[in-house]
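Student: I should like to learn how to read the features of a structure such as this one. Could we begin with a single residue and then turn to the whole chain?

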Amino acid sequence: GKKCLIVTGKTSAKKSGALDELISVFNELDIEYSVFDEITENPLTKNCCNGGKAARDFGADFVVGIGGGSPLDASKAVCVYATNSHIVNDDIYTAKVENEPLPLVVIGTTSGTGSEVSGVSVLTRENGRKQSISGKNYYADYAIADAKYTYSVPYRTTVSTALDALAHAVESMFSPRADFLTQQFALISIKMIYPILVKLNETKELPTEEERNTLYFASLYAGFALNKGGTGFPHGMGYALTEDYGVPHGIACAIFLPQYLRECEKANHTLFNQLLEVMDDDKEAVEKLIYELCDLHISIPDERIKEYEKHWETLKNFKNSPTDFNNKDAVALVKNLFR
């Protein structure tokens with residue numbers, strides 16, 4: 001193609017250097033481009049729909065998404081909206097995709113979501129609730145996986161995104177949909193991530209470039225596992241903390257990971273022991289590390305918890321978990337953590 005819509009947020013594409021390098025290449029190749037930088041954290045379907053319109057108006061032949069999980073997930077949706085003008089905002093969850101999405105290249109700038117390699121896009125509905133959409137229309141055609149674009153990520157975001165990748169690996173590993181291959185991807189990812197999380201917690205310092213490289217490719221391995229296994233209740237519950245309390249996504253999911261690990265041990269003791277073996281740690285130390293890294297101190301009132309209990313009655317992530325953990329168990333967990 002000769003015309004490209006670049007989909008980004010306001011900061012990471014520039015800070016990482018990826019945007020400048022991309023523009024330099026486009027200038028050399030005489031490719032016209034337009035930058036759509038209206039993507040926020042937890043991208044809104046409305047903004048992505050606007051991005052699709054921007055692509056149509058510009059006559060874009062393809063899209064490049066640059067950023068962490070939010071811009072990458074948004075760029076997938078933009079490609080669908082761009083070629084399907086009948087799909088508006090939340091319609092993306094129900095309307096038929098009649099035309100092939102625009103071709104998509106993604107450039108990751110964080111080590112967390114694995115969105116580069118998954119057919120999943122997590123968006124925020126018009127009512128403020130997050131919901132994922134997946135399938136063949138939500139894969140990138142190419143992923144430029146260069147860990148140097150993650151070197152500028154600050155400490156707290158590095159921790160949150162690494163915890164997100166760990167959650168992807170652990171949750172998908174024990175999913176009823178997992179298979180032997182995806183479990184191996186998950187174990188590889190966990191073995192790469194866990195010792196770096198231990199060091200981050202001990203030193204409170206940024207990772208070295210070598211550790212950044214390790215975290216980035218670990219997030220991709222976790223993405224491969226996630227793409228088949230999907231996520232369990234930590235992700236489903238974590239959305240609420242992000243929506244209502246602004247908790248960063250990785251931390252919002254990981255705070256529920258210790259309970260998920262307890263469920264995993266009950267469901268599959270052999271696989272759980274493999275998990276501890278690659279972590280080279282005992283379960284009490286793993287739980288302690290996760291809670292310390294999350295460092296989350298919020299209080300959730302009873303009225304809000306009752307809303308969650310109702311909302312979580314139909315949460316699919318519970319069924320994708322290894323035990324019969326349900327919305328009432330989730331409420332008890334929330335009360336234990338945040339009261």
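**From one loop residue to the whole chain**

Tutor: Leaving aside residues up to four places away in sequence, Glu126 touches Thr45, Asn89 and Asp90. Please bear in mind that this is a predicted model.

Student: Where does Glu126 lie with respect to the strands?

Tutor: The loop that joins strand E5 (120-124) to strand E6 (130-134) contains Glu126.

Student: Does Glu126 count as buried or exposed?

Tutor: The general idea is to compare relative accessibility with a cut-off, and exposed means over 50%. Glu126 has 55% relative accessibility and therefore counts as exposed.

Student: How far apart are Glu126 and Val153 in sequence and in space?

Tutor: The two residues are separated by 27 residues in sequence, and their C-alpha atoms are 29 Å apart.

Student: I turn now to the cysteines. How many disulfides does a search of the whole structure find?

Tutor: The search finds zero disulfides. Cys79, for instance, is in no disulfide, and the nearest cysteine sulfur, that of Cys4, is 9.2 Å away. The cut-off to keep in mind is that a disulfide needs two cysteine sulfur atoms within 2.5 Å.

Student: Why is Cys264 not bonded to Cys253?

Tutor: The closest cysteine sulfur to that of Cys264 is in Cys253, but the distance is 15 Å, so the two are too far apart for a bond.

Student: Are Cys79 and Cys264 buried or exposed?

Tutor: Here the cut-off for buried is under 20% relative accessible area. Cys79 counts as buried because its relative accessibility is 2%. Cys264 is also buried, since its value is 0%.

Student: What does the radius of gyration say about the protein chain?

Tutor: One compares the value with that of a compact globule having the corresponding number of residues. For 339 residues such a globule would have a radius of gyration near 20 Å, so the 19 Å of the protein chain agrees. Along the principal axes, the C-alpha atoms fill a box of roughly 55 × 45 × 35 Å.

Student: How many helices and strands does the protein chain have, and what share of its residues count as buried?

Tutor: There are 15 helices and seven strands, and 55% of the 339 residues count as buried. Among contacts with a separation of 6 or more, 78% are between residues 24 or more positions apart.

Student: What, finally, is known of the surface and the charges?

Tutor: The protein chain exposes about 14800 Å², with 50% supplied by carbon and sulfur atoms. Its side chains include 34 positive and 46 negative ones, and the centres of these two sets lie 5 Å apart.

Key: Residues are numbered from 1 along each chain as its sequence is written. This is a predicted model: local features need pLDDT of at least 70, side-chain atom pairs count only at pLDDT 80 or more; totals for chains, interfaces and linings use all residues. Side-chain values use heavy atoms; hydrogens and water are left out. Helices (H or I, at least four residues) and strands (E, at least two) are DSSP runs, numbered from the N terminus. The radius of gyration is taken over C-alpha atoms; the globule rule is 2.2 Å times the number of residues to the power 0.38. Buried means under 20% relative accessible area, exposed over 50%, partly exposed in between (1.4 Å probe, protein chains only). Contact means heavy atoms within 4.5 Å. Accessible areas come from the Shrake-Rupley method with a 1.4 Å probe; for residues, only the protein chains shown count as cover. Lys and Arg count as positive and Asp and Glu as negative; His and the chain ends are not counted. The place of a charge is taken as NZ of Lys, CZ of Arg, CG of Asp or CD of Glu.
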